[in-house]
Amino acid sequence: VRCWSNIPFLTVPLSRAHGKSFAHRSELKHAKRIVVKLGSAVVTRGDECGLALGRLASIVEQVSMLQNQGREMMIVTSGAVAFGKQRLRHEILLSQSVRQALHSGQSQLKDVAIPVLEARACAAAGQSGLMALYEAMFTQYSICAAQILVTNLDFHDEQKRRNLNGTLHELLRMNIVPIINTNDAVVPPPEPNSDLQGVNVISVKDNDSLAARLAVEMKTDLLIVLSDVEGLFDSPPGSDDAKLIDIFYPGDQQSVTFGTKSRVGMGGMEAKVKAALWALQGGTSVVIANGTHPKISGHVITDIVEGKKVGTFFSEVKPAGPTVEQQAEMARAGGRTLAALQPEQRAEIIYRLADLLTDQREEILLANKKDLEEAENKGRLALPLLKRLSLSTSKLNSLAIGLRQIAASSQDSVGRVLRRTRVAKALHLEQVTVPIGVLLVIFESRPDCLPQVSALAIASGNGLLLKGGKEAAHSNQILHHLTQEALSIHGVKDAVQLVNTREEVEDLCRLDKLIDLIIPRGSSQLVRNIQKAAKGIPVMGHSEGICHVYVDTDASVEKVTRIIRDSKCEYPAACNALETLLIHRDLLRTPLFDQIIDMLRVEQVKIHAGPKFASYLTFSPSEVKSLRTEYGDLECCIEVVDSVQEAVEHIHKYGSSHTDVIITENEQTAEFFLQHVDSACVFWNASTRFSDGYRFGLGAEVGISTSRIHARGPVGIEGLLTTKWLLRGDNHVVSDFSEHGSMKYLHESLPLPQRNTS
């Protein structure tokens, strides 16, 4: 903790050698010295007369937060002209109104014409008020601010440059936020042909060039330029084909068409790009972003410093491969080509991938061994996750068998006719299956997920983006290479893409114009995070796997312990493992109940007692903290119910609609349970662990969905398809079907074409 003027603030270890800009957004969190440039459109109101006070307060709050983290913040601000214009208009209106009233002697005032106000006069009138506003706002966070007015001459005169540099360093040393602006009251016109003549020369003709010059002079790590657009687009924002550029590299400006400048201020986007490239050349990283959008302006500065994908990031380091946006576009184009193949060709690709998994198993296991060794050396993975990360010959053989099942069942998945209707004479309607589009599958510690999901995407004709955990990087790389090798036999290599860039999952979830469905495969926390982060993209999955087994009074002694043991102990980390055991009250203190407890103790399962179960015991196990708990380990909750109806009610109240089981020999009770439990999978006398795409005969699954829309339960090929309607007519128009028209609707169902079941 450091202190200035008895005001403590926290410091964080932020340091790096200046001279080279950050290569990736993820490095921006290490920025120590930051300049925030506030454009006129950010600071001023929409009527260009007065300041946007709410927006300005939010920016001050973010700057204060970063300053109190131990960073050195500087602000280059516009707004003096707008603030002065507001004050001068008020004064002119007041004085003209008084004169008019005295001259006419009437109380009724006529409309007063306001003369055009000269910008320098407005700046002179507005500077003091603008600074007073900043001081009042920063005082709320116990931070002192200081004003510095500069002109171009202050940078060209060596002595003035040194004085300015020394002043700024002293202010930063004292934990004061410098607020810098061009002295618009006296600033001369910019000198011609003096702009961007090298690293050491840039003419200060607007606040963009001032911010760039200041950033380089002060050796800042990051320059944030806030404007009224999201960032840099490849064509003028608002045009039909305009796309936001995530990362801009020197030399790319030839591919950009610049539009007009903003509604206020002196510089347009072209001026911002020139200034940004100049600062980048001087060793300062730059981000241009929107500071006016009401949904993001409240955290835009902190988001940028945290490395989130906001605005346009300027970088000198071009990545070796395509960006994730380019990969998504490649996956969409490849997916469309894939969907256009014959079913036999798609099946051939999957059969080839199955063969490669067994033929290349030595290379796969070698890559997997590297991942396991790195994970064990770093000690960052728990034992259940290490087990998921591990591949073996038997796992690869099982994978190959599953892929062949997918290939065999995929023959008529895409383009299958679901409904045929004769709407009217010679007007036929069909509903057919089609791919969803581009899938984003995010998975943790499970490299075997990659070929499974790839095969399902290929079978359903979808483009695929894969984002695996870094703990499985070597395994994922070789498996993706083999997938692309299989795809290459029919020229659709690009349909499946592996994201290897430093994209954060949260940033991927914002690509709503490129991705049609997100499927998370991993922990309940991962699923919840993705569901929260997804912006406008549907997420298929389940956040929790709270699975129940209900033991009825008519349960078979032989079946009970086998089913419970398999459901809980076979793979306790799985989402379809038993978490809560419901026992009918009449079974308490019976030999069957004792057998259940003995078996769980032998298997070293820790028991948590539900409230009702605990009330029956003198010395009970630890009482459960919540009946809605997914343990994911050798632990479970036991609770008592009075009837099958109460078991159903308990499941609906505390379950996650995943998989629930009844053990009973009473068929009527079983059917009641099967019909009334509202879960994705409901079983009778079978382990919860059967809730799996492979065990269902789907070949594999992309996950288990507890959603009530579209797919539910283990999601195989069918869950990755949607439909479209095909209408074939012959000069049909709706007016022919009006009351006095010549045509009548028939709406006759037609037989479906014979399915290929070979």
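Two strands count as paired if DSSP finds at least two bridges between them. By that yardstick, strand 13 (residues 438-443) and strand 16 pair up in this predicted model, doing so in the parallel sense over 5 bridges. Within this pairing, Leu 439 sits opposite Leu 517 in strand 16. On the sheet that holds them packs helix 18 (residues 524-533), which touches strand 13 and strand 16 and makes about 160 degrees with the direction of strand 16.

That sheet is an open one of 4 strands, with the order 15-14-13-16 and parallel pairing. Its edges are taken by strand 15 (496-498) and strand 16 (517-521); each has a single partner strand, so one side of each goes without a neighbour in the sheet. As for the twist, neighbouring strands here are turned by 20 degrees against each other on average, ignoring direction. Helix 16 (residues 473-487) lies across strand 13, strand 14 (463-468) and strand 15, and runs at about 160 degrees to strand 15.

Helix 16 is also home to Ser 475. Is this serine buried or exposed? Ser 475 has a relative accessible area of 0%, and since anything under 20% counts as buried, Ser 475 is buried. Setting aside neighbours within four places in sequence, the contacts of Ser 475 are Ala 367, Asn 368, Asp 371 and Pro 447.

Next comes a pair of helices. The axes of helix 14 (residues 393-409) and helix 15 (residues 449-460) come within 10 Å and cross at roughly 10 degrees. With angles under 35 degrees counting as roughly parallel, helix 14 is therefore roughly parallel to helix 15. On the helix 14 side, the contact is made by Leu 399, Leu 403 and Ile 406. Helix 15 brings Pro 451, Gln 452, Ala 455, Leu 456 and Ala 459 to it.

The chain also holds an open sheet of 4 strands with antiparallel pairing, in the order 25-12-11-26. Here strand 25 (721-728) and strand 26 (748-749) stand at the edges with a single partner strand each, so each has one side left without a neighbour in the sheet. Strand 12 (residues 427-435) pairs with strand 25 in the antiparallel sense, over 8 bridges. Pro 435 faces Leu 721 of strand 25 in this arrangement.

Helix 23 (residues 667-676) has two contrasting sides. Thr 669, Ala 670 and Phe 673 are buried in this helix. Looking down the axis of helix 23, these buried residues fall within an arc of 100 degrees, so they line one face of the helix. Covering them are elements including strand 17 (547-551), helix 22 (644-654), strand 21 (659-663) and strand 22 (681-684). The face turned away from the buried side of helix 23 carries Glu 667, Gln 668 and Gln 675, which are exposed. Gln 668 also features at the start of helix 23, where a side-chain oxygen of Asn 666 reaches to within 3.0 Å of the backbone nitrogen of Gln 668.

Stepping back to the whole protein chain, there are 23 helices and 26 strands. The chain has 758 residues, of which 51% count as buried. Among its contacts with a separation of 6 or more, 74% are accounted for by residues 24 or more positions apart.

Methods:
Residues numbered from 1 in each chain as written. Predicted model: local features only at pLDDT ≥ 70, side-chain atom pairs only at ≥ 80, totals over all residues. Heavy atoms only, no water. Buried < 20%, exposed > 50% of the residue type's maximum accessible area, 1.4 Å probe, protein only. Arc of directions from axis to C-beta. Contact = heavy atoms within 4.5 Å. Polar contact = N/O pair within 3.5 Å; in protein donor to acceptor, adjacent residues only side chain to side chain. Axes fitted to C-alpha atoms, helices over the stretch in contact; angles between N-to-C directions. Parallel < 35°, antiparallel > 145°, perpendicular 65-115°, else oblique.
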